[in-house]
Amino acid sequence: MSNLSLFFAQNVPVDTIEEFIVSERFKDENGNAVAWKLRSMTEEENQECRKAATRKIKGKNGTYTQEIDPNEYMGKLMAASIVYPDLKDAELQRSYGVLGAESLLRKMLLPGEFAALGEKVQALNGFNRDMNELVDEVKN
């Protein structure tokens, strides 16, 4: 019989925090690139991001369907995973002339930096594995 206590909440780490250099453009006083701190999240938090990025679209005959905006979802997922810098800081947002964590993130980063950060956030939250790999693993 298996030991179910291995699955108890107090025995499982909740957040994984990793440092990641998003850009060489953000430097400390010594000229070194500053690492951002990223955290993993729960599926419950992921659902909140997905729900916030979901819109009702009016279709034919007055019916509505739900559609997720993938760009908005990714922005919310990334912003929710960033611990440092604090994207909700009003002074930081003011310095870039934006309101909101997602807007700040899009204003701060170059397109390639944004994409690299997105890949890292996805990997940190378990989205880095191909579905075919998971199917093969389950078969074995």
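These legends walk through several close-up views of a predicted model.

**View 1. The open sheet has three strands in the order β1-β2-β5**. Welcome to a good starting point: the pairing in this sheet is antiparallel. β1 (17–20) and β5 stand at the edges with a single partner strand each, so one side of each has no neighbour in the sheet. Neighbouring strands here are turned by 35° against each other on average, direction ignored. Helix α2 packs on the sheet, where α2 touches β2 and β5, and the direction of α2 makes about 35° with that of β5.

**View 2. Strand β2 (residues 36–39) is joined to β1 by four bridges**. The two strands run antiparallel. To find your way, look for Phe20, whose bridge partner in β2 is Trp36. Strand β2 is also joined to β5, by two bridges, and this pair runs antiparallel as well. Here the residue to look for is Lys37, which stands opposite Tyr84 in β5.

**View 3. Tyr84 and Pro85 are joined by a cis peptide bond**. Moving one residue along from the end of β5 (82–84) brings us to this link. Its omega is about 5°. This is worth a pause, because most peptide bonds are trans. Pro85 itself lies in the loop between β5 and α3 (90–96).

**View 4. Strands β3 (residues 54–58) and β4 (residues 64–68) form an antiparallel pair over five bridges**. Two facing pairs make handy landmarks. Arg55 stands opposite Glu67 in β4, and Ile57 stands opposite Thr65, also in β4. The two strands make a hairpin with five residues between them.

**View 5. Asn61 sits in the loop between β3 and β4**. What is the phi of Asn61 near? It is near 60°, a positive value in a residue other than glycine. This stands out because most residues other than glycine have a negative phi.

**View 6. Helix α2 (residues 70–81) crosses helix α5 (residues 111–124) at roughly 70°**. For readers new to such pictures, two packed helices are described by the angle between their axes and the distance between the axes. In this view, the axes come within 10 Å. The angle falls in the range from 65 to 115 degrees, so α2 and α5 are roughly perpendicular to each other. From α2, the contact uses Met74, Leu77, Met78 and Ser81, while α5 brings Phe114, Leu117, Gly118, Val121 and Gln122. Sorted by class, this contact has six nonpolar residues, three polar ones and no charged residues.

**View 7. Helix α2 also meets helix α4, with the axes crossing at roughly 95°**. These axes come within 9 Å. As their angle implies, α2 and α4 are therefore roughly perpendicular to each other. On the α2 side, the contact is made by Asn71, Glu72, Gly75, Lys76, Met78 and Ala79. On the α4 side, look for Ala101, Glu102, Leu105 and Arg106. By class, the contact of α2 with α4 has four nonpolar, two polar and four charged residues. Met78 is a useful marker to carry over from the previous view, since Met78 takes part in the contact with α5 and in the contact with α4.

**View 8. The largest pocket holds about 170 Å³ of space**. Which residues line the largest pocket? They are Cys49, Lys76, Ala79, Ala80, Ile82, Val83, Asp86, Leu87, Lys88, Ala101 and Glu102. Helix α2, β5 and α4 (101–108) are the elements that give two or more residues to this lining. The largest share, three residues, comes from α2. By class, the lining has seven nonpolar and four charged residues, with no polar ones. Some names will be familiar by now: Lys76, Ala79, Ala101 and Glu102 are among the lining residues, and these four also take part in the contact of α2 with α4.

Definitions and conventions. Residues are numbered from 1 along each chain as its sequence is written. This is a predicted model: local features need pLDDT of at least 70, side-chain atom pairs count only at pLDDT 80 or more; totals for chains, interfaces and linings use all residues. Side-chain values use heavy atoms; hydrogens and water are left out. Two strands pair if DSSP finds at least two bridges between them. Axes are lines fitted to C-alpha atoms, for helices over the stretch in contact, and angles run from 0 to 180 degrees between N-to-C directions. Angles under 35 degrees count as roughly parallel, over 145 as roughly antiparallel, 65 to 115 as roughly perpendicular and the rest as oblique. Contact means heavy atoms within 4.5 Å. Ala, Val, Leu, Ile, Met, Phe, Trp, Tyr, Cys and Pro count as nonpolar, Asp, Glu, Lys and Arg as charged, and the others, Gly among them, as polar. On a 1 Å grid over the protein atoms alone, a cavity is a set of points where a 1.4 Å probe fits but cannot get out, and a pocket is an open set with protein on both sides within 12 Å along at least five of seven lines; lining residues have an atom within 4 Å of a point. Grid points are joined across faces, edges and corners, and a volume is the space filled by probe spheres set on the points.
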